[in-house]
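Trainee: Hey, I've just been handed a structure I've never looked at before. Could you walk me through it?

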Amino acid sequence: MNTAEQALRRLELTVTRRLDGLLHGAHQGLLPGTGSEAGDSRVYVPGEDDVRRMDWAVTARTTIPHVRDLIADRELETWALADLSPSMDFGTADTDKRDLVVAAIGAIGFLSSRMGDRFGALVIHDEYIHRMPARTGRPALYGLLHSLMDAPRGQVVPDPPDLAEGIEVLSASRRRRGMRLIVSDFLDAHPDLDPDAERPWERPIRRLAARHQVLAVEVIDPRELELPDVGRVAFADPETGNVREVQLSPKVRQAYAEAAAQQREGTRRALRRAGIAHLVLRTDRDWVFDVAQFVLRQRRMSHLAHRRPV
(Lines give C-alpha, C1' and ligand atoms only; values in the text may rest on other atoms or scores of the structure.)
Protein backbone atom coordinates (compact mmCIF):
# COMPACT_ATOMS: atom_id res chain seq x y z
CA MET A 1 0.00 0.00 0.00
CA ASN A 2 1.51 3.37 -1.01
CA THR A 3 1.87 6.40 1.22
CA ALA A 4 -1.10 8.28 -0.28
CA GLU A 5 -3.39 5.29 0.20
CA GLN A 6 -2.29 4.92 3.81
CA ALA A 7 -2.90 8.63 4.45
CA LEU A 8 -6.43 8.43 3.02
CA ARG A 9 -7.25 5.34 5.08
CA ARG A 10 -6.04 7.10 8.22
CA LEU A 11 -8.16 10.13 7.27
CA GLU A 12 -11.28 8.00 6.80
CA LEU A 13 -10.66 6.17 10.09
CA THR A 14 -10.21 9.48 11.91
CA VAL A 15 -13.41 10.91 10.45
CA THR A 16 -15.38 7.73 11.21
CA ARG A 17 -14.20 7.49 14.81
CA ARG A 18 -14.28 11.13 15.84
CA LEU A 19 -16.82 12.89 13.60
CA ASP A 20 -19.34 10.22 12.56
CA GLY A 21 -22.63 10.75 14.37
CA LEU A 22 -22.49 14.55 14.39
CA LEU A 23 -24.74 14.63 11.32
CA HIS A 24 -27.36 12.27 12.69
CA GLY A 25 -30.38 14.15 13.94
CA ALA A 26 -33.20 16.34 12.75
CA HIS A 27 -31.33 17.66 9.75
CA GLN A 28 -29.42 15.88 7.03
CA GLY A 29 -26.67 18.37 6.22
CA LEU A 30 -23.53 19.48 8.03
CA LEU A 31 -25.08 22.86 8.72
CA PRO A 32 -28.50 23.06 10.36
CA GLY A 33 -31.22 24.41 8.11
CA THR A 34 -34.80 24.09 7.01
CA GLY A 35 -34.08 22.43 3.69
CA SER A 36 -36.25 22.71 0.59
CA GLU A 37 -38.55 19.68 0.64
CA ALA A 38 -42.18 20.43 1.55
CA GLY A 39 -43.44 18.89 4.78
CA ASP A 40 -46.61 19.12 6.87
CA SER A 41 -48.75 22.20 7.40
CA ARG A 42 -49.17 23.88 10.77
CA VAL A 43 -50.79 27.01 12.19
CA TYR A 44 -49.06 30.26 11.22
CA VAL A 45 -47.25 32.07 14.05
CA PRO A 46 -47.22 35.87 13.44
CA GLY A 47 -43.79 37.46 13.60
CA GLU A 48 -42.04 34.09 13.53
CA ASP A 49 -43.04 32.32 10.32
CA ASP A 50 -42.23 33.43 6.78
CA VAL A 51 -45.41 34.45 4.94
CA ARG A 52 -43.86 33.17 1.72
CA ARG A 53 -44.39 29.63 3.05
CA MET A 54 -48.11 30.18 3.53
CA ASP A 55 -50.18 27.10 2.64
CA TRP A 56 -53.11 28.81 0.92
CA ALA A 57 -55.03 25.61 0.23
CA VAL A 58 -55.16 24.60 3.89
CA THR A 59 -55.77 28.22 4.93
CA ALA A 60 -58.77 28.50 2.64
CA ARG A 61 -60.15 25.16 3.76
CA THR A 62 -59.83 25.81 7.51
CA THR A 63 -60.14 29.64 7.48
CA ILE A 64 -57.09 29.64 9.80
CA PRO A 65 -53.67 30.77 8.45
CA HIS A 66 -51.33 27.80 7.96
CA VAL A 67 -47.73 27.54 6.75
CA ARG A 68 -45.99 24.55 5.24
CA ASP A 69 -42.86 23.41 7.02
CA LEU A 70 -39.74 22.58 5.01
CA ILE A 71 -37.73 19.51 5.88
CA ALA A 72 -34.08 18.84 5.17
CA ASP A 73 -33.19 17.31 1.85
CA ARG A 74 -32.40 13.62 2.16
CA GLU A 75 -30.15 13.48 -0.87
CA LEU A 76 -27.91 16.41 -1.61
CA GLU A 77 -25.29 17.16 -4.22
CA THR A 78 -22.22 18.49 -2.45
CA TRP A 79 -19.58 20.42 -4.36
CA ALA A 80 -16.26 21.64 -3.00
CA LEU A 81 -14.07 24.45 -4.32
CA ALA A 82 -10.48 23.60 -3.41
CA ASP A 83 -7.90 26.38 -3.54
CA LEU A 84 -4.55 24.79 -4.51
CA SER A 85 -2.87 28.04 -5.51
CA PRO A 86 0.85 28.38 -4.59
CA SER A 87 0.08 30.07 -1.27
CA MET A 88 -1.55 26.82 -0.09
CA ASP A 89 1.78 24.97 -0.28
CA PHE A 90 2.98 26.91 2.76
CA GLY A 91 3.24 25.39 6.23
CA THR A 92 5.50 25.83 9.24
CA ALA A 93 3.72 23.77 11.91
CA ASP A 94 2.39 20.21 11.96
CA THR A 95 1.29 20.17 8.32
CA ASP A 96 0.99 22.24 5.14
CA LYS A 97 -2.10 24.26 4.33
CA ARG A 98 -2.66 22.04 1.30
CA ASP A 99 -2.92 18.99 3.60
CA LEU A 100 -5.67 20.76 5.54
CA VAL A 101 -7.53 21.37 2.27
CA VAL A 102 -7.52 17.62 1.61
CA ALA A 103 -8.48 16.89 5.23
CA ALA A 104 -11.43 19.31 5.20
CA ILE A 105 -12.77 18.04 1.87
CA GLY A 106 -12.20 14.44 2.97
CA ALA A 107 -14.07 14.96 6.23
CA ILE A 108 -17.12 16.46 4.53
CA GLY A 109 -16.88 13.92 1.72
CA PHE A 110 -16.74 10.86 3.98
CA LEU A 111 -19.63 12.12 6.10
CA SER A 112 -21.70 12.97 3.02
CA SER A 113 -20.99 9.64 1.31
CA ARG A 114 -22.31 7.75 4.32
CA MET A 115 -25.65 9.47 3.66
CA GLY A 116 -25.62 8.67 -0.08
CA ASP A 117 -24.91 12.22 -1.30
CA ARG A 118 -23.07 12.89 -4.57
CA PHE A 119 -19.74 14.67 -4.12
CA GLY A 120 -17.75 16.64 -6.69
CA ALA A 121 -15.08 19.32 -6.73
CA LEU A 122 -13.63 22.27 -8.60
CA VAL A 123 -9.91 22.85 -8.08
CA ILE A 124 -8.04 26.13 -8.57
CA HIS A 125 -4.57 25.06 -9.68
CA ASP A 126 -2.04 26.95 -11.82
CA GLU A 127 -3.85 28.65 -14.72
CA TYR A 128 -6.95 26.42 -14.70
CA ILE A 129 -10.05 25.60 -12.69
CA HIS A 130 -10.26 21.81 -12.91
CA ARG A 131 -13.59 19.99 -12.61
CA MET A 132 -14.05 16.60 -10.94
CA PRO A 133 -17.61 15.35 -11.58
CA ALA A 134 -19.94 14.54 -8.69
CA ARG A 135 -20.28 10.83 -7.97
CA THR A 136 -21.53 8.68 -5.12
CA GLY A 137 -19.61 6.05 -3.25
CA ARG A 138 -16.36 5.64 -1.40
CA PRO A 139 -14.21 4.67 -4.45
CA ALA A 140 -15.17 7.87 -6.26
CA LEU A 141 -14.33 9.98 -3.20
CA TYR A 142 -11.00 8.18 -2.83
CA GLY A 143 -10.22 8.99 -6.45
CA LEU A 144 -11.04 12.67 -5.92
CA LEU A 145 -8.84 12.89 -2.80
CA HIS A 146 -6.02 11.04 -4.56
CA SER A 147 -6.13 13.66 -7.32
CA LEU A 148 -5.89 16.48 -4.77
CA MET A 149 -2.98 14.82 -2.98
CA ASP A 150 -1.10 14.04 -6.20
CA ALA A 151 -1.50 17.50 -7.72
CA PRO A 152 1.95 19.11 -8.19
CA ARG A 153 2.88 22.16 -6.18
CA GLY A 154 1.52 25.39 -7.57
CA GLN A 155 3.62 27.36 -10.03
CA VAL A 156 3.85 31.05 -10.79
CA VAL A 157 1.69 31.61 -13.89
CA PRO A 158 0.50 34.80 -15.61
CA ASP A 159 -3.04 35.86 -14.78
CA PRO A 160 -4.06 32.85 -12.65
CA PRO A 161 -7.75 32.39 -11.70
CA ASP A 162 -8.57 33.88 -8.32
CA LEU A 163 -11.04 32.80 -5.67
CA ALA A 164 -13.81 35.07 -6.98
CA GLU A 165 -13.57 33.44 -10.42
CA GLY A 166 -13.66 29.99 -8.87
CA ILE A 167 -16.81 30.83 -6.92
CA GLU A 168 -18.44 32.24 -10.07
CA VAL A 169 -17.69 28.99 -11.96
CA LEU A 170 -19.02 26.94 -9.06
CA SER A 171 -22.23 28.96 -8.96
CA ALA A 172 -22.80 28.91 -12.71
CA SER A 173 -21.96 25.29 -13.49
CA ARG A 174 -23.78 23.47 -10.70
CA ARG A 175 -27.39 24.63 -10.45
CA ARG A 176 -28.89 21.80 -8.40
CA ARG A 177 -29.45 22.84 -4.81
CA GLY A 178 -27.16 21.36 -2.22
CA MET A 179 -24.15 22.09 -0.07
CA ARG A 180 -21.16 24.10 -1.32
CA LEU A 181 -17.81 23.90 0.47
CA ILE A 182 -15.12 26.55 -0.17
CA VAL A 183 -11.66 25.77 1.23
CA SER A 184 -9.08 28.54 0.86
CA ASP A 185 -6.80 30.89 2.78
CA PHE A 186 -8.87 33.82 1.40
CA LEU A 187 -5.69 35.80 0.71
CA ASP A 188 -6.10 38.36 -2.07
CA ALA A 189 -3.35 39.39 -4.48
CA HIS A 190 -3.88 43.03 -3.47
CA PRO A 191 -5.33 42.89 0.05
CA ASP A 192 -7.38 45.74 1.47
CA LEU A 193 -6.62 46.07 5.18
CA ASP A 194 -9.85 47.93 5.89
CA PRO A 195 -11.93 45.27 7.72
CA ASP A 196 -15.16 46.79 6.40
CA ALA A 197 -14.08 46.93 2.74
CA GLU A 198 -15.79 44.59 0.29
CA ARG A 199 -13.63 41.62 -0.72
CA PRO A 200 -13.33 40.65 -4.42
CA TRP A 201 -15.03 37.32 -3.72
CA GLU A 202 -17.78 38.73 -1.50
CA ARG A 203 -20.48 39.32 -4.13
CA PRO A 204 -19.97 35.94 -5.87
CA ILE A 205 -20.17 34.07 -2.58
CA ARG A 206 -23.29 36.01 -1.58
CA ARG A 207 -24.98 34.99 -4.83
CA LEU A 208 -23.92 31.40 -4.23
CA ALA A 209 -25.41 31.45 -0.72
CA ALA A 210 -28.73 32.69 -2.07
CA ARG A 211 -29.31 29.26 -3.63
CA HIS A 212 -27.10 26.81 -1.73
CA GLN A 213 -25.97 25.94 1.77
CA VAL A 214 -22.40 27.28 1.92
CA LEU A 215 -19.55 26.54 4.31
CA ALA A 216 -16.31 28.55 4.06
CA VAL A 217 -13.22 26.88 5.52
CA GLU A 218 -10.36 29.32 6.08
CA VAL A 219 -6.97 27.61 6.28
CA ILE A 220 -4.16 29.52 8.00
CA ASP A 221 -0.63 28.97 9.29
CA PRO A 222 0.68 30.63 12.47
CA ARG A 223 3.53 32.29 10.54
CA GLU A 224 0.91 34.13 8.49
CA LEU A 225 -0.27 35.80 11.70
CA GLU A 226 3.03 36.80 13.28
CA LEU A 227 6.71 36.68 12.35
CA PRO A 228 9.52 35.22 14.49
CA ASP A 229 12.37 37.30 15.87
CA VAL A 230 15.09 35.95 13.56
CA GLY A 231 16.70 39.10 12.13
CA ARG A 232 17.12 39.51 8.39
CA VAL A 233 15.01 37.15 6.24
CA ALA A 234 14.39 36.73 2.50
CA PHE A 235 10.65 36.46 1.74
CA ALA A 236 9.37 34.91 -1.49
CA ASP A 237 5.82 35.57 -2.69
CA PRO A 238 4.53 32.16 -3.85
CA GLU A 239 1.92 33.75 -6.12
CA THR A 240 4.29 36.09 -8.03
CA GLY A 241 7.75 34.69 -7.33
CA ASN A 242 9.03 38.08 -6.11
CA VAL A 243 11.75 37.92 -3.43
CA ARG A 244 12.49 40.63 -0.90
CA GLU A 245 14.84 40.78 2.08
CA VAL A 246 13.39 42.25 5.26
CA GLN A 247 14.94 43.04 8.63
CA LEU A 248 12.44 41.70 11.18
CA SER A 249 12.72 44.44 13.76
CA PRO A 250 10.15 44.67 16.58
CA LYS A 251 8.43 47.52 14.70
CA VAL A 252 8.16 45.49 11.47
CA ARG A 253 6.91 42.43 13.32
CA GLN A 254 4.26 44.47 15.14
CA ALA A 255 3.09 46.14 11.92
CA TYR A 256 2.88 42.74 10.22
CA ALA A 257 0.85 41.23 13.07
CA GLU A 258 -1.57 44.16 12.99
CA ALA A 259 -1.97 43.91 9.21
CA ALA A 260 -2.55 40.14 9.41
CA ALA A 261 -5.18 40.63 12.12
CA GLN A 262 -6.96 43.24 9.99
CA GLN A 263 -6.91 40.92 6.98
CA ARG A 264 -8.44 38.07 8.95
CA GLU A 265 -11.04 40.34 10.52
CA GLY A 266 -11.97 41.57 7.06
CA THR A 267 -12.49 37.98 5.89
CA ARG A 268 -14.63 37.23 8.95
CA ARG A 269 -16.82 40.30 8.44
CA ALA A 270 -17.24 39.67 4.72
CA LEU A 271 -18.39 36.10 5.31
CA ARG A 272 -20.72 37.26 8.05
CA ARG A 273 -22.26 39.90 5.77
CA ALA A 274 -22.83 37.19 3.17
CA GLY A 275 -24.48 34.93 5.76
CA ILE A 276 -21.84 32.21 5.31
CA ALA A 277 -20.88 29.69 7.98
CA HIS A 278 -17.18 30.17 8.72
CA LEU A 279 -14.80 27.49 9.97
CA VAL A 280 -11.12 28.25 10.68
CA LEU A 281 -8.55 25.45 10.49
CA ARG A 282 -4.92 26.01 11.53
CA THR A 283 -1.86 23.97 10.71
CA ASP A 284 -0.83 24.03 14.39
CA ARG A 285 -4.14 22.77 15.80
CA ASP A 286 -6.16 19.55 15.88
CA TRP A 287 -8.39 20.08 12.84
CA VAL A 288 -10.76 17.24 13.82
CA PHE A 289 -11.44 18.89 17.18
CA ASP A 290 -12.08 22.24 15.47
CA VAL A 291 -14.53 20.66 12.98
CA ALA A 292 -16.40 18.88 15.79
CA GLN A 293 -16.63 22.05 17.88
CA PHE A 294 -17.86 24.01 14.86
CA VAL A 295 -20.65 21.51 14.10
CA LEU A 296 -21.80 21.40 17.73
CA ARG A 297 -21.76 25.21 17.93
CA GLN A 298 -23.81 25.49 14.73
CA ARG A 299 -26.36 23.06 16.14
CA ARG A 300 -26.72 25.01 19.37
CA MET A 301 -27.19 28.26 17.46
CA SER A 302 -29.78 26.64 15.21
CA HIS A 303 -31.66 25.26 18.21
CA LEU A 304 -31.76 28.68 19.88
CA ALA A 305 -32.84 30.39 16.65
CA HIS A 306 -35.74 28.00 16.08
CA ARG A 307 -36.88 27.80 19.71
CA ARG A 308 -40.17 29.55 20.17
CA PRO A 309 -40.49 32.18 22.88
CA VAL A 310 -42.50 31.13 25.91
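Mentor: Let's go from the whole chain to the sheet, the helices and a few residues. Keep in mind that this is a predicted model.

Trainee: Okay, how many helices and strands does the protein chain have?

Mentor: The protein chain has eight helices and 10 strands. There are 310 residues, and 44% of them count as buried.

Trainee: And what supplies the exposed area?

Mentor: The chain exposes about 16600 Å², with carbon and sulfur atoms supplying 51% of that.

Trainee: On to the sheet. What order do the six strands come in?

Mentor: The order is 5-4-3-6-7-10, in an open sheet with mixed pairing. Strand 5 (128–135) and strand 10 (277–282) are the edge strands, each pairing on one side only. From one strand to the next, the twist averages 15°.

Trainee: Which way do strand 3 and strand 4 pair, parallel or antiparallel?

Mentor: Strand 3 (residues 77–83) and strand 4 (residues 118–125) are parallel, with seven bridges. For a spot to click on, glutamate 77 has arginine 118 in strand 4 as its bridge partner.

Trainee: Which strands does helix 4 touch?

Mentor: Helix 4 (residues 138–150) packs on the sheet against strand 3, strand 4 and strand 5, and its direction makes about 10° with that of strand 4. Then there's helix 5 (residues 163–173), which lies across strand 3, strand 4, strand 5 and strand 6 (179–184). Helix 5 runs at about 150° to strand 4.

Trainee: What about the inside? Which residues have the most contacts in the largest nonpolar core?

Mentor: Those are Ile105, Leu145, Leu148, Val217 and Trp287, in a core of 43 residues. Helix 3 (residues 97–113) gives the largest share of this core, 10 residues. Apart from that core lies another one of 20 residues, including Trp79, Ile167, Ile182 and Ala274.

Trainee: Back to helix 3 for a sec. Why is it largely enclosed by the rest of the structure?

Mentor: Because 15 of its 17 residues are buried. As for length, helix 3 reaches 24 Å from its first C-alpha to its last, close to the 24 Å expected at 1.5 Å a residue.

Trainee: Now single residues. Is glutamate 218 buried or exposed?

Mentor: Glutamate 218 has 1% relative accessibility, so it counts as buried. You'll find this glutamate in strand 7 (residues 213–220). Leaving aside neighbours within four places in sequence, the contacts of glutamate 218 include Asp185, Arg264, Thr267 and His278.

Trainee: And isoleucine 129, where does that one lie?

Mentor: Isoleucine 129 lies in strand 5. With 24% relative accessibility, isoleucine 129 counts as partly exposed. Valine 169 is 40 residues away from isoleucine 129 in sequence, yet their C-alpha atoms are 8.4 Å apart in space. Val169 is also one of the contacts of isoleucine 129, once neighbours within four places in sequence are left aside; Pro161 and Glu165 are among the others.

Trainee: One last thing: how many bridges join strand 8 and strand 9?

Mentor: Six bridges, in the antiparallel sense, between strand 8 (residues 231–236) and strand 9 (residues 243–248). Glycine 231 has leucine 248 in strand 9 as its bridge partner.

Trainee: Which residue in that hairpin takes a positive phi?

Mentor: Glycine 241 does, with a phi near 85°; the hairpin has six residues between the strands.

Key: Residues numbered from 1 in each chain as written. Predicted model: local features only at pLDDT ≥ 70, side-chain atom pairs only at ≥ 80, totals over all residues. Heavy atoms only, no water. Pairing = 2+ DSSP bridges. Helix = DSSP H or I, 4+ residues; strand = E, 2+ residues; numbered from the N terminus. Axes fitted to C-alpha atoms, helices over the stretch in contact; angles between N-to-C directions. Contact = heavy atoms within 4.5 Å. Core = buried A, V, L, I, M, F, W, Y, C linked by side-chain atoms within 4.5 Å. Buried < 20%, exposed > 50% of the residue type's maximum accessible area, 1.4 Å probe, protein only. Expected span 1.5 Å × (residues − 1). Areas by Shrake-Rupley, 256 points an atom, 1.4 Å probe, with all protein chains shown as cover.
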